[in-house]
Amino acid sequence: MSRTNFDNLLEAGCHFGHLRRKWNPAMAPYIFMERNGIHIIDLHKTVAKVEEAAEALKQIAKSGKKVLFVATKKQAKQVVAEKAASVNMPYVIERWPGGMLTNFPTIRKAVKKMATIDKLTNDGTYSNLSKREVLQISRQRAKLDKNLGSIADLTRLPSALFVVDVMKENIAVREANRLGIPVFAIVDTNSDPSNIDFVIPANDDATKSIEVILEACCTAMSEGLEERKAEKIDMEAAGEAPANKGKRKSAAKARLDKNDEEAINAAKAAAFLKDDEEA
């Protein structure tokens, strides 16, 4: 990391730990000193850990895998959403849905329901429903989008988690640990780093601190994505591009005549209304 980035971390207050006197002794290796009840993090170790995490995240992005960013605290929500979206990665900034990783198939069903509702909107099926029915489905869609819209493109379990505040996101960390998913995290002095694979010791309460660290990590991920794109172009130029796997699926879909498709859509609309009434 350059001297400029080192100074950015210093200016962002990454070296200040949790402002309360309570701290976790497990964070002792990352603490430089204690002053007036505030434990000051060794910024040299923060820099080294950011570089280590950034390189690992770069390789994950280069391999075409997904990193799920998790931050539901007010100070981190907006910056995490912006940085994750900049590298086309999924994120959770609202309430963490319990079982999101350990019960991933159920979450995927809810995400697919959003896509199906959108299809019903676009193909004219809504025109055959009453205003009340359309309103019910629209409300259901809005609720799903708020909680799961940011992970709509996550079709399989993520290859890693990036967490801001491991105490607040302890459920997400536990689920990832249970499934063997690596966890990258900004860890403050009041937290336990023992269950974190890539610890970034820093102040997790300051928006500027979070932003500087995410900027370094997402920049590295962006580089990984660019390298992946360049390699893909080279492969295609050499005639090694993989065969189009979507041809069979497209051909099968084309065999559905219009009447069959309308019947299927009507059945799906009825199913949504039934789910909503039961809920």
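I looked up the accessible surface of the protein first and noted about 15,700 Å², of which 50% belongs to carbon and sulfur atoms; the areas come from the Shrake-Rupley method with a 1.4 Å probe, and for residues only the protein chains shown count as cover. This is a predicted model, in which local features need pLDDT of at least 70 and side-chain atom pairs count only at pLDDT 80 or more, while totals for chains, interfaces and linings use all residues. Residues are numbered from 1 along each chain as its sequence is written, and side-chain values use heavy atoms, with hydrogens and water left out.

I then checked burial and found that buried residues make up 42% of the 279 residues, where buried means under 20% relative accessible area, exposed over 50%, and partly exposed in between (1.4 Å probe, protein chains only). For contacts (heavy atoms within 4.5 Å), I noted that 66% of those between residues at least 6 apart in sequence join residues at least 24 apart.

I listed nine helices and seven strands, taken as DSSP runs numbered from the N terminus, with at least four residues for a helix (H or I) and at least two for a strand (E).

I traced the sheet next: five strands form an open sheet in the order 4-3-5-6-7, with parallel pairing, two strands being paired if DSSP finds at least two bridges between them. Strand 4 (91-92) and strand 7 (198-201) stand at the edges with a single partner strand each, so one side of each is left without a neighbour in the sheet. Between strand 3 (residues 67-70) and strand 5 (residues 160-164) I noted four bridges, and valine 70 has valine 163 as its bridge partner in strand 5.

I turned to isoleucine 186, which lies in strand 6 (residues 183-187) and is buried, with a relative accessible area of 0%. Leaving aside residues up to four places away in sequence, isoleucine 186 touches, among others, Phe162, Val164, Ile200, Ile210 and Ile213. Aspartate 204 is also on its contact list, and the C-alpha atoms of these two residues, 18 residues apart along the chain, are separated by 6.3 Å.

Last, I looked at helix 5 (residues 131-148), whose end C-alpha atoms are 25 Å apart, in agreement with the 26 Å that its 18 residues should span at 1.5 Å a residue (1.5 Å times one less than the number of residues). Its buried residues are Gln136, Ile137, Gln140, Leu144 and Leu148. Seen down the helix axis, these fall within an arc of 90 degrees, so they line one face of helix 5, the arc being that of the directions from the axis to the C-beta atoms. On the other side of helix 5 I found Lys131, Arg132, Arg139 and Lys146 exposed.
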